Amino acid sequence: MRIAVTGSSGLLGRATVDRLRAEGHEVLGLDITGTGGPGFTRVDFGDYGQTLDSLLGVTARHEGLDAIVHLAAIPVNGLVPDAATFHNNLTVSFNVMFGALRAGIRTIVYASSITAMGFPFTVAPASLPVDETALGAYNTYGLGKVLEEAMAGQLVNWHEGTSITALRYTNVVAPDGYATFARAGDPSYRRDLIGSYVDARDGALAVSLALAHAKPGFEVYNIAAPDSGLSIPTAQVAADWFPDVAITKPLAEFESLMSTDKAQRELGFRAEHLWRDNYTAG
Ligand SMILES: NC(=O)c1ccc[n+]([C@@H]2O[C@H](COP(=O)([O-])OP(=O)(O)OC[C@H]3O[C@@H](n4cnc5c(N)ncnc54)[C@H](O)[C@@H]3O)[C@@H](O)[C@H]2O)c1
């Protein structure tokens with residue numbers, strides 16, 4: 001496929017471009033920052049003109065696309081003022097999704113977030129493990145993700161055959177970013193993420209599978225490692241963090257409290273890079 005990846009200079013974007021190219025796709029990276037060269041074009045997705053033009057075609061880069069992987073965003077509150085996070089992310093996602101449909105592109109895979117489903121879980125979830133039915137935003141970044149999902153759920157009905165897949169990532173860990181797992185025995189570690197994590201390379205795997213399984217309509221999938229980021233058994237942390245919350249299925253000793261059952265069942269997703277294999281103390 002001919003695929004554009006927005007946010008291609010970022011953590012998830014770099015891993016995704018690498019993976020999709022290795023699989024043989026023709027991939028164009030699009031980002032507001034990045035080094036010029038073949039396979040990359042600098043675009044500010046806050047500007048609809050630039051967005052639409054870059055999706056329709058770019059001289060010496062592409063003359064049409066089959067799919068968009070949309071990862072461009074300010075990925076957390078605190079980097080810029082809260083309202084700026086919201087304005088950038090909502091505008092960018094509208095411009096990319098609406099522009100893609102205008103340009104005739106009918107397959108979109110994009111990054112949603114655990115922040116659309118209750119992060120930082122100061123308010124206890126309704127049940128554990130947390131699945132895709134959970135919805136709740138507690139900051140402007142999460143609010144943007146909730147609204148983007150609502151927007152995508154409407155946009156798929158505007159043109160026949162449109163497929164939009166939201167991948168609700170938990171905290172993405174860079175391949176060289178495992179040092180924090182030194183705290184895996186600390187019950188406050190990753191409490192706001194209900195213990196979850198996912199390696200960027202597995203984030204890219206999820207994109208690849210979502211593209212391969214794209215079908216008309218809107219779908220949401222949780223994307224996390226199958227195990228928790230803690231060395232404390234899951235039943236113990238669940239009882240400690242959320243003593244009054246029901247656990248709806250038998251849990252393996254270190255199973256993640258962010259359910260990826262749907263992604264496993266429907267996409268065949270199972271993360272391959274686990275901190276237990278990758279982290280070495282010291
Ligand atoms: N990193 C995480 O832990 C995490 C967790 C859940 C979801 N996500 C989501 O995954 C996606 C990728 O996140 P990431 O961790 O790779 O972030 P990142 O900051 O490493 O990369 C995001 C990229 O988007 C680009 N970008 C932002 N605004 C832009 C604009 N107006 N025009 C063009 N480019 C713009 C940035 O330049 C950057 O290179 C985002 O949607 C983020 O919200 C990330």
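User: Ok, so helices here are DSSP runs (H or I) of at least four residues, numbered from the N terminus. Which one gives the largest share of the shell around the ligand?

Analyst: That's H1, with 3 residues. Keep in mind that this is a predicted model.

User: Which elements give two or more residues to that shell?

Analyst: The shell has 25 residues, and Gly7, Gly10, Ile32, Ala73 and Ala111 come nearest to the ligand. The elements giving two or more are H1, H3 and S5.

User: How does the shell split by class?

Analyst: You get 14 nonpolar, 9 polar and 2 charged residues around the ligand.

User: Cool. Switching to the sheet: what order do the strands come in?

Analyst: There are 7 strands in an open sheet, ordered S3-S2-S1-S4-S5-S7-S10, with parallel pairing. At the edges sit S3 (40-42) and S10 (217-223), and each of those pairs on one side only. Going from one strand to the next, the twist averages 20°.

User: Say I want to look at the S3 end. How many bridges join S2 to S3?

Analyst: 3 bridges join S3 to S2, which covers residues 26-31, and the two strands run parallel. If you want a spot to click on, Gly29 stands opposite Phe40 in S3.

User: Back to H1. Which strands does H1 lie across?

Analyst: H1 (residues 11-22) lies across S1 (2-6), S2, S4 (67-70) and S5 (107-113). Its direction is at about 165° to S2.

User: And H5, which strands does that one lie across?

Analyst: H5 is residues 200-212, and it lies across S4, S5, S7 (163-169) and S10. H5 runs at about 160° to S7.

User: New topic: helix against helix. At what angle do H3 and H4 cross?

Analyst: Roughly 20°, with the axes of H3 (residues 82-102) and H4 (residues 140-155) coming within 9 Å. Angles under 35 degrees count as roughly parallel, so H3 is roughly parallel to H4.

User: Is that crossing left-handed or right-handed?

Analyst: The crossing of H3 and H4 is right-handed.

User: Which residues make the contact?

Analyst: On the H3 side they include Phe86, Leu90, Phe94, Met97 and Leu101. On the H4 side, Tyr141, Leu143, Leu147, Met151 and Leu155 are among them.

User: How do the contact residues divide by class?

Analyst: The H3-H4 contact has 12 nonpolar, 5 polar and 2 charged residues. Asp82 of H3 and Glu148 of H4 are in that contact, and Asp and Glu count as charged.

Conventions: Residues are numbered from 1 along each chain as its sequence is written. This is a predicted model: local features need pLDDT of at least 70, side-chain atom pairs count only at pLDDT 80 or more; totals for chains, interfaces and linings use all residues. Two strands pair if DSSP finds at least two bridges between them. Axes are lines fitted to C-alpha atoms, for helices over the stretch in contact, and angles run from 0 to 180 degrees between N-to-C directions. Two residues are in contact if their C-beta atoms, placed from the backbone, lie within 7 Å. Angles under 35 degrees count as roughly parallel, over 145 as roughly antiparallel, 65 to 115 as roughly perpendicular and the rest as oblique. A crossing is left-handed if the near helix is turned anticlockwise from the far one by less than a right angle, and right-handed if clockwise. A residue is near a molecule or strand if its C-beta atom, placed from the backbone, lies within 6 Å of it.
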